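Me: Please take a close look at one part for me: the aromatic rings. I am new to this structure, so explain each term as you go.

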Amino acid sequence: MKELTTMAVMLLFIASTVQAQEKENDGENEVETTIAADIVSQYVWRGQDLGNASIQPTLGIAWKGLSFTAWGSVGLANADDTKELDLTLEYTVGGLNVGITDYWTNQGADPKNRYFKYDSHGTNHVFEANVGYDFGPVALQWYTNFAGNDGVNKKEKRAYSSYMELTVPFRLATVEWEAAAGVVPFETDYYGTTGFAVTNVSLKATKEVTLSDKFSFPIFAQFVTNPCDRKAYLAFGLTLQPWGD
């Protein structure tokens, strides 16, 4: 119930903020809307294999650094792939960003998979807080689960599972690149680690494909290794997103 109240407050806050801005501008709408979808050959997240070919839609609104985003993933090739729905409230000022995300998946046939089930010991929701800073040449992010269906350590205690990632963007041969390295600092079965572990070392390349002066879309390929479990992945995808007039 506590987690449900938290999400309700988040929704009410973003709705009231948008409404107040619309009134202030007397009809001028400064709220930005995002409608997009990624189509990927494989769903890899923080060095973990979470599914086969998938479509991953995004719906978001943003105003003056404050944003609320819904993101999902549904398998295209395997009906048994996990379905996911994430809600994120985030605020960005300068290079600093802070946020809260509610992750939900429908794993298995357990009754706790119901979306509106928020029991502290019987939910598939995981609540995560994040803070990060973009220095320009590099960006650093820290994530920690603070409620919901978090992982546990060997003592069967809540692990407050955390993940830290360093990313370095650069441009090479007309292509946008991003190198990343991610670590799990503490033991948790949420990431399958027994202590400090490097779980994600990746390199991603993104290229804009232009078909006409009114239609273009980015394609990307990403090579990911997980040194902790000695696995590697190569994923391809494209992003479909409408743009302004």
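Reply: Searching the whole structure turns up 12 aromatic pairs. Rings of Phe, Tyr and Trp (for Trp, the six-membered ring) pair if their centres lie within 6.5 Å; planes under 30 degrees apart count as stacked, over 60 as edge-to-face and the rest as tilted. Take Y143 and Y163: their centres are 6.2 Å apart, with 35 degrees between the planes, and the pair is tilted. This pair links distant parts of the chain, 20 residues apart. Y143 sits in strand β9 (residues 139–148) and Y163 in strand β10 (residues 162–172). Strands (E, at least two residues) and helices (H or I, at least four) are DSSP runs, numbered from the N terminus. Y143 and Y163 are both buried. Buried means under 20% relative accessible area, exposed over 50%, and partly exposed in between (1.4 Å probe, protein chains only).

A word on the basis. The model is predicted, so local features need pLDDT of at least 70 and side-chain atom pairs count only at pLDDT 80 or more, while totals for chains, interfaces and linings use all residues. Residues are numbered from 1 along each chain as its sequence is written, and side-chain values use heavy atoms, with hydrogens and water left out.

Back to Y163. Its ring also pairs with that of Y191: the centres are 6.0 Å apart and the planes are at 25 degrees, so this pair is stacked. Y191 lies in the loop between β11 (175–184) and β12 (197–212), so the pair ties together parts 28 residues apart in sequence. Both Y163 and Y191 are buried. The ring pairs go on to link W45, Y103, Y143, Y163, Y190 and Y191 into a cluster.

Some of these residues turn up in a core too. A nonpolar core is a set of buried Ala, Val, Leu, Ile, Met, Phe, Trp, Tyr and Cys residues joined through side-chain atoms within 4.5 Å. The largest has 9 residues: L66, F68, L87, L89, W104, Y115, Y118, F127 and A147. Strands β5 (66–75) and β6 (84–93) each supply at least two of them. Another core, of 8 residues, lies apart from it, and W45, Y103, Y143 and Y191 are among its members.

Two rings have a charge over the face. That label needs NZ of Lys or CZ of Arg within 6 Å of the ring centre and within 35 degrees of the ring normal. R158 lies over Y160, at 5.7 Å from the ring centre. K204 lies over F220, at 4.6 Å.

F220 leads to T239, in strand β14 (residues 231–240). Leaving out residues up to four places away in sequence, T239 touches A37, D38, F217, P218 and F220; contact means heavy atoms within 4.5 Å. T239 is buried, at 16% relative accessible area. Its side chain makes a polar contact of 2.5 Å with that of D38. Such a contact is a pair of N or O atoms within 3.5 Å; within protein, one must be able to donate a hydrogen and the other to accept it, and residues adjacent in sequence count only if both atoms are side-chain atoms.

Last, confidence. pLDDT is the predictor's confidence in each residue, from 0 to 100. The protein's mean is 87, and 85% of its residues reach 70 or more. Among the elements, β11 has the highest mean, 98, and helix α1 (residues 2–24) the lowest, 44. Over residues 1–28, pLDDT stays under 50.
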